[in-house]
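Biologist: Could you take me through one part of this model closely, beginning with the packing of the interior and going on from there to the charged side chains? I would like one connected account rather than a list.

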Amino acid sequence: MVIEAVGSQETYRQAFFSRDLAGTLVQVGVPDPSMTIELPMIELFGRGGALKSSWYGDCLPSRDFPLLIGLYLSGRFDLDGFVSETIGLDGVEEAFARMQRNEVLRSVVLL
C-alpha cells in the first residue's frame, strides 16, 4: 500500500508507480480542485490493484467521534500526543512557519 499525503499531481503519479503490482494507492492529501492527473491506461490495466481516496480517514463523525471521545476520556487514546503546541490566534502565522520548517507537527489555536 502507498499513501499519498501531499495532494499534488506529481506525488500522486510517483505513488501510483511506487506501489506493488495489485497494490493499493490511498490518497489522503487534498488536491486543489483544478488539478488533474494523466496516467497511461495500460498501466491502470496492467498493474491492477486499487486507487482510492480517504476523506478524514473515511470516518463517520456521528459514530466515530463519540467513540474517540470515550477512549480519550477513559485514558485509552493519547490525543494530547498529537498536539505539538497550543497557541493564541496571534501566533498562527509563526505556527505555519514552524510547521513548514518541520519544527512542529500540529499547533492547536485556543481562542
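Modeller: In this predicted model, the largest nonpolar core is made of 6 residues, namely Val 2, Tyr 12, Ala 15, Phe 16, Leu 25 and Leu 39. Helix α1, which spans residues 9–18, supplies the largest share of this core, with 3 residues. In soluble globular proteins, nonpolar side chains tend to be buried together.

The buried residues of α1 are Tyr 12, Ala 15 and Phe 16. Viewed down the axis of α1, these buried residues fall within an arc of 105 degrees, so they line one face of the helix. The cover over them includes strand β1, strand β2 (24–27), helix α2 (41–47) and strand β3 (50–53). Tyr 12 gives a residue-by-residue view of this packing, since apart from residues up to four places away in sequence, Tyr 12 touches Glu 4, Leu 25, Gln 27, Ile 37, Leu 39 and Leu 51.

One of those partners, Glu 4, deserves a careful look. Glu 4 belongs to strand β1, residues 2–4, and it is buried yet has no salt bridge, with the nearest side chain of opposite charge, that of Arg 19, 13 Å away. A polar atom of the Glu 4 side chain does, however, lie 3.0 Å from the backbone nitrogen of Val 6. When neighbours within four places in sequence are left aside, the residues in contact with Glu 4 are Thr 11, Tyr 12, Ala 15, Leu 25, Val 26, Gln 27, Val 28 and Gly 29.

A contrasting case of buried charge is found in helix α4, residues 92–100, whose buried residues are Ala 95, Ala 97 and Arg 98. Down the axis of α4 these buried residues fall within an arc of 160 degrees, so they too line one face of their helix. They pack against β4 (85–87) and β5 (107–109), while the face of α4 turned away from the buried side carries the exposed residues Glu 93 and Gln 100.

Arg 98 forms a salt bridge with Glu 85, in which the closest N and O atoms are 2.6 Å apart. Because Arg 98 lies in helix α4 and Glu 85 in strand β4, the pair ties together parts that are 13 residues apart in sequence. Both Arg 98 and Glu 85 are buried. A further salt bridge joins the side chains of Glu 94 and Arg 101, at 3.0 Å from N to O; here Glu 94 is partly exposed, with a relative accessible area of 38%, and Arg 101 is likewise partly exposed, at 44%. Glu 85, Glu 94, Arg 98, Arg 101 and Glu 103 are linked in a network of salt bridges. The model has 7 salt bridges in total, including one between the side chains of Arg 63 and Asp 64, at 2.5 Å from N to O, where Asp 64 is buried, with a relative accessible area of 11%.

The backbone just after α4 is also worth attention, for there Asn 102 takes a positive phi of about 60 degrees. Most residues other than glycine have a negative phi. Asn 102 sits in the loop between α4 and β5 and is exposed, at 71% relative accessibility. Asp 58, in the loop between β3 and α3 (61–73), also has a positive phi, near 55 degrees, and is partly exposed, with a relative accessible area of 41%.

Conventions
Residues are numbered from 1 along each chain as its sequence is written. This is a predicted model: local features need pLDDT of at least 70, side-chain atom pairs count only at pLDDT 80 or more; totals for chains, interfaces and linings use all residues. Side-chain values use heavy atoms; hydrogens and water are left out. Helices (H or I, at least four residues) and strands (E, at least two) are DSSP runs, numbered from the N terminus. Buried means under 20% relative accessible area, exposed over 50%, partly exposed in between (1.4 Å probe, protein chains only). Lys and Arg count as positive and Asp and Glu as negative; His and the chain ends are not counted. A salt bridge is a side-chain nitrogen of Lys or Arg within 4 Å of a carboxyl oxygen of Asp or Glu. A polar contact is a pair of N or O atoms within 3.5 Å; within protein, one must be able to donate a hydrogen and the other to accept it, and residues adjacent in sequence count only if both atoms are side-chain atoms. Contact means heavy atoms within 4.5 Å. A nonpolar core is a set of buried Ala, Val, Leu, Ile, Met, Phe, Trp, Tyr and Cys residues joined through side-chain atoms within 4.5 Å. The arc is that of the directions from the helix axis to the C-beta atoms.
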